[in-house]
Amino acid sequence: MHHPKRRAVGLAAVGIALASVAACGSGSGSVANSGAAGEGGKLKVVATTTQVADFVRAIGGDRVEVTQLVKPNASPHEYEPTPAAIQAIGQAELLVKNGVGLEDEWLGKTVQTSAFHGQTVDTSADVKLRRGEDEEAGKPADDPHIWHNPQNAKIMCDAIEKALAKADPANTSGYEQRFTDYAAKLDALDKDIERQINSLPEDGRKLVTNHDAFGYYIDRYHLTFVGSVIPDFSDQAELSGTQLDSLVKKIKDEKVKAVFGESSLPPKTAQTIADQAGVKVVAGDGSLYGDSLGPEGSAGDTYLKSEAFNTKTIVDALK
């Protein structure tokens, strides 16, 4: 469930605190360094989500200083901006977002508070979007989880490369080369996921997830989506008792083998549904990386690793 009143209060408090942060300054490496250029003349970039930040690092290399707003294993739907984050936006030359409404709950007011005057990069601009149902609003909506198709990730990275080159034309060739190299890795990932999913029997490629975050993955690799614990693109909605019973019945009728939790969401409801349906649950440390990448050192601390981990987890559970 969204909490606009709470968010408005939080942003107001952040706006008041921001003046104090700006006055105090910061040490080396902080998001509060002054000027558009970062340490060593690097381009200062703020990226909203874990995935987008990872793409910027891959394409930008050592030419960019990236401030990532959403933390690992956290929900981008309900991000609460900090004073330091707002100051980083105000000082950045580029603000790179996922788009498709993923950050709409908080980004607009945050940018306004920051007095950002740089370029905003919407990485979804050229992605073909899939339509679904916004359960809370009760009307059709575009699915924001575009990165779960590696070919979409390539389109997102292309937008990032072009923006970096425009902001820092002297280093265009480096951005282009890193994009080319990373695009090849995305193509290899795409082929490997397809190979692994195709190793499953066709009638066993059925997915029940914590929330409706894997539609692009499901479409790309021809799985069957049976349902989700949270029946919404956002991870804030809740199943009613009737919906819960209906999902349990579908799991049994479709002979689904597993219910998959997500790293950024508590596993309790997924565990309950799996128990009622008499199937295994993939939760806790083994959960899928849905809305967020994992912390440094985890199996999903980069986009490439997270998608590979998700695929192995799904295939192992559905064999």
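When two helix axes cross, angles under 35 degrees count as roughly parallel, over 145 as roughly antiparallel, 65 to 115 as roughly perpendicular, and the rest as oblique. Keep that rule in mind as we walk through this structure, which is a predicted model.

Let's start with helices H2 and H6. Their axes come within 7 Å and cross at roughly 120°. That angle falls in none of the named ranges, so H2 and H6 are oblique to each other. Which residues make the contact? On the H2 side they are Asp54, Phe55, Ala58, Ile59 and Gly60, and on the H6 side Tyr175, Arg178, Phe179 and Tyr182. Sorted by class, the residues of this contact are six nonpolar, one polar and two charged.

Now stay with H6, which covers residues 172–198, and look for helix H10, residues 303–318. The axes of these two helices come within 10 Å and cross at roughly 5°. An angle under 35 degrees counts as roughly parallel, and therefore H6 and H10 are roughly parallel to each other. From H6, the contact uses Tyr182, Lys185, Leu186, Leu189, Ile193, Gln196 and Ile197. H10 adds Tyr303, Leu304, Glu307, Ala308, Thr311, Lys312, Ile314 and Val315. In this contact there are 10 nonpolar, two polar and three charged residues. Did you spot Tyr182? This residue of H6 takes part in the contact with H2 and also in the contact with H10.

Next comes the sheet. Strands of a sheet pair through backbone hydrogen bonds, either parallel or antiparallel. Here, four strands form an open sheet in the order S2-S1-S3-S4, with parallel pairing. Strand S2 (64–68) and strand S4 (119–122) stand at the edges with a single partner strand each, so one side of each has no neighbour in the sheet. From one strand to the next, the twist averages 25°.

We can follow the pairing residue by residue. Strand S1 (residues 43–47) pairs with S3 over three bridges, and Val45 stands opposite Leu94 in S3. Strand S3 (residues 94–97) in turn pairs with S4 over four bridges. Here Leu94 has Gln119 of S4 as its bridge partner, while Lys97 has Asp122.

Finally, let's look for empty space. Rolling a probe the size of a water molecule over the atoms shows where such space is left. The second largest pocket has a volume of about 150 Å³. Its lining is made by Thr50, Asp54, Arg57, Gln68, Pro72, Leu293, Gly294, Pro295, Glu296 and Asp301. These residues divide into three nonpolar, three polar and four charged. Helix H2 (residues 50–60) gives the most to this lining, with three residues. Asp54 of H2 may look familiar: it lines this pocket and belongs to the contact with H6.

Key:
Residues are numbered from 1 along each chain as its sequence is written. This is a predicted model: local features need pLDDT of at least 70, side-chain atom pairs count only at pLDDT 80 or more; totals for chains, interfaces and linings use all residues. Side-chain values use heavy atoms; hydrogens and water are left out. Axes are lines fitted to C-alpha atoms, for helices over the stretch in contact, and angles run from 0 to 180 degrees between N-to-C directions. Contact means heavy atoms within 4.5 Å. Ala, Val, Leu, Ile, Met, Phe, Trp, Tyr, Cys and Pro count as nonpolar, Asp, Glu, Lys and Arg as charged, and the others, Gly among them, as polar. On a 1 Å grid over the protein atoms alone, a cavity is a set of points where a 1.4 Å probe fits but cannot get out, and a pocket is an open set with protein on both sides within 12 Å along at least five of seven lines; lining residues have an atom within 4 Å of a point. Grid points are joined across faces, edges and corners, and a volume is the space filled by probe spheres set on the points. Two strands pair if DSSP finds at least two bridges between them.
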